[in-house]
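This is a short walk through one protein chain, from its overall make-up to a single pair of packed elements. Please keep the sequence and the structure in view while reading.

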Amino acid sequence: MDIMTATIERTTARTTAPAAETTRTAETTRERATRYVLAGIRLALGWTFLWAFLDKMFGLGHETAAKNAWINGGSPTKGFLSFGAAGPFTGFYHGIAGAAWADWLFMVGLAAIGVALLLGVGTRLAATAGGLLLVMMWTAVLPPENNPFMDDHLIYAAVLVVLALVGAGDTLGLGRAWKRLAIVRRFPWLR
């Protein structure tokens, strides 16, 4: 091999990217299935939040009777926080039970978290708000009824973190389009 050929081979090796870097690897069946399972979990949690909002707003009879619906003058926080709260934070929750600001914050939070998760937009923000709400609900009944410290509220909060970290809004949701919006590109925490 002459010096010219060796120089060309070295130059080509340095300037040409390996095939793995220039082509996108195909998604495996497991990765695709994982994306869809996480999207399904996102949709299920979204419906859980939205259903709680709808039931408390309209008194659909599942947990909230029509006479206690928010649109009929009922308070979505008064009953549970007045009579269901227990443990070390009881005083705090009794103090905010039925307060107009607490009712509004709770209901707007339920609706916004539910809609965001169902649409797959703002999953980071929805996961943060949903996780905070779930942890507060956990603290309202310490210790939990069936375990010294763990209950479904903490598990759901952890699942919300996972959904936000993996971008679960991109599958079966509007997450990809949402991320392209100028305001979301400028403020990534809105993802």
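From the N terminus on, the order of elements in the protein chain is α-α-α-α-α-α-α-α-α-α. The count is thus 10 helices and zero strands. The chain has 191 residues, and 34% of them count as buried. Among contacts between residues at least 6 apart in sequence, 61% join residues at least 24 apart.

The model is predicted, and the confidence values belong beside the picture. The mean pLDDT of the protein chain is 90, with 87% of the residues at 70 or more. Over residues 4-8, the pLDDT is below 50, and this stretch has one contact in the model beyond near neighbours in sequence. Residues 11-17 also have a pLDDT below 50, again with one contact beyond near neighbours in sequence.

One helix pair can be followed in detail. Helix H6 covers residues 100-119 and helix H7 covers residues 123-139; the two pack at an angle of about 135°, and their axes are 9 Å apart. An angle over 145 degrees would count as roughly antiparallel, and 65 to 115 as roughly perpendicular; H6 and H7 are therefore oblique to each other. The crossing in which H6 passes H7 is left-handed.

Which residues make the contact between H6 and H7? From H6 come Phe106, Leu110, Ile113, Ala116 and Leu117, while H7 supplies Ala126, Ala129, Gly130 and Leu133. Sorted by character, the residues of this contact are eight nonpolar, one polar and no charged. The polar one is Gly130, because Gly counts as polar here.

Terms used. Residues are numbered from 1 along each chain as its sequence is written. This is a predicted model: local features need pLDDT of at least 70, side-chain atom pairs count only at pLDDT 80 or more; totals for chains, interfaces and linings use all residues. Side-chain values use heavy atoms; hydrogens and water are left out. Axes are lines fitted to C-alpha atoms, for helices over the stretch in contact, and angles run from 0 to 180 degrees between N-to-C directions. Helices (H or I, at least four residues) and strands (E, at least two) are DSSP runs, numbered from the N terminus. Angles under 35 degrees count as roughly parallel, over 145 as roughly antiparallel, 65 to 115 as roughly perpendicular and the rest as oblique. A crossing is left-handed if the near helix is turned anticlockwise from the far one by less than a right angle, and right-handed if clockwise. Contact means heavy atoms within 4.5 Å. pLDDT is the predictor's confidence in each residue, from 0 to 100. Buried means under 20% relative accessible area, exposed over 50%, partly exposed in between (1.4 Å probe, protein chains only).
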